[in-house]
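Student: I've got this model open at the bench. Could you pick a single part, take a close look at it with me, and show me how it ties in with its surroundings?

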Amino acid sequence: MSPVRRCSRTACGRPAVATLTYVYADSTAVLGPLATYAEPHCYDLCAEHSERLTAPRGWEVVRLADGSAPSRPSGDDLEALANAVREAARPQERAAQAGGGNARAADPMEVARRGHLRVLRSPDS
Ligand SMILES: [Zn+2]
C-alpha cells in the first residue's frame, strides 16, 4: 500500500480526504472523492481545506461529493464522474505537445468505396 495521502496545501500535513481537479478548458475546479492516482492537474485536500475551497475569479467549483450528504448518488457514480472529468482534462496536454504538423494525410480507415455495390436479400428464410 502507498503511504497516506496528505493535503497538498503548503504547511498542511493533514490526511487528504478529497481530490481537487482543475479543468482548465472549462475554468472549472472539481472537488471529488480522493483520486486513486495522483495526476498533474489534481490536488489532494484535507477536510478543512476542501471545505474552505475557493476558486479563482471566473472559475466555477463543482463539488461531486460531500461527506455530510448521504442522500447523494452512489460513490461509484461520483467517482466515475470525477474520472470522466480527469479524462477530459488530459487531451489538452497532448494538444500542447502536438507541433501543428500536417495531419491531413489519407484516412487509413477508408479501405474501399462501396457506392456501386448492391445489397441482395438472402433467399432462404
Ligand atoms: Zn489541508
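Tutor: Quick bit of vocabulary before we dive in: helices here are DSSP runs of H or I with at least four residues, strands are E runs of at least two, and both are numbered from the N terminus. Keep in mind, too, that this is a predicted model. On that basis, the chain has three helices and four strands, and reading along the sequence gives β-β-β-α-β-α-α. There are 125 residues in the chain, of which 24% count as buried. Among contacts with a separation of 6 or more, 57% link residues 24 or more positions apart.

Let's zoom in on β1. Six of its six residues are buried, so β1 is largely enclosed by the rest of the structure. Check which way the side chains go: Ala18, Leu20 and Tyr22 point to one side of β1, while Thr19, Thr21 and Val23 point to the other. That fits a general habit: in a regular strand, side chains alternate between the two faces of the sheet.

Now for the partners. β1 runs antiparallel to β2, with six bridges joining them; one of the pairings puts Tyr22 across from Ala29. The two strands make a hairpin with four residues between them, and Ser27 in that turn has a positive phi of about 50°. β1 is also joined to β3 (residues 42–45) by four bridges, again running antiparallel.

Thr21 is a handy residue to click on. Thr21 sits in β1, where it stands opposite Cys42 in β3. Its relative accessible area is 3%, so it counts as buried, the limit being under 20%. Outside its neighbours within four places in sequence, Thr21 is in contact with Thr28, Ala29, Val30, His41, Cys42, Val85 and Arg86.

Next, the cores. The largest nonpolar core has 10 residues: Ala18, Leu20 and Tyr22, plus Cys7, Cys12, Ala29, Leu31, Leu45, Cys46 and Leu53. β1 (18–23) and β2 (28–33) each put in at least two residues, and β1 gives the largest share of this core, with three. Another core, apart from that one, has five residues, including Val23, Val30, Ala82 and Val85. As a general rule, nonpolar side chains in soluble globular proteins tend to be buried together.

Some names in the largest core turn up again at the metal. The zinc ion is coordinated by the SG atoms of Cys7, Cys12 and Cys46 and by ND1 of His49, at 1.9 to 2.3 Å. Along the chain these donors are spaced as C-x4-C-x33-C-x2-H. Cys12 lies in the segment before β1 and His49 in helix α1 (residues 47–51), so this pair, 37 residues apart, links distant parts of the chain. Both Cys12 and His49 are buried. The angles among the four donor atoms run from 105 to 115°, and the site is tetrahedral; for comparison, the ideal for four tetrahedral donors is 109.5 degrees. Cys7 has further company: leaving out neighbours within four places in sequence, its contacts include Arg14, Pro15, Ala16, Asp44 and Leu45, along with Cys12, Cys46 and His49.

To pull it together, β1 pairs with β2 and with β3, and supplies three residues to the largest nonpolar core.

Terms used: Residues numbered from 1 in each chain as written. Predicted model: local features only at pLDDT ≥ 70, side-chain atom pairs only at ≥ 80, totals over all residues. Heavy atoms only, no water. Buried < 20%, exposed > 50% of the residue type's maximum accessible area, 1.4 Å probe, protein only. Contact = heavy atoms within 4.5 Å. Core = buried A, V, L, I, M, F, W, Y, C linked by side-chain atoms within 4.5 Å. Donors = N, O, S within 2.8 Å, 3.2 Å for Na, K, Ca; no water. Tetrahedral: all angles 85-135°; square planar, octahedral: opposite > 155°, others 65-115°. Pairing = 2+ DSSP bridges.
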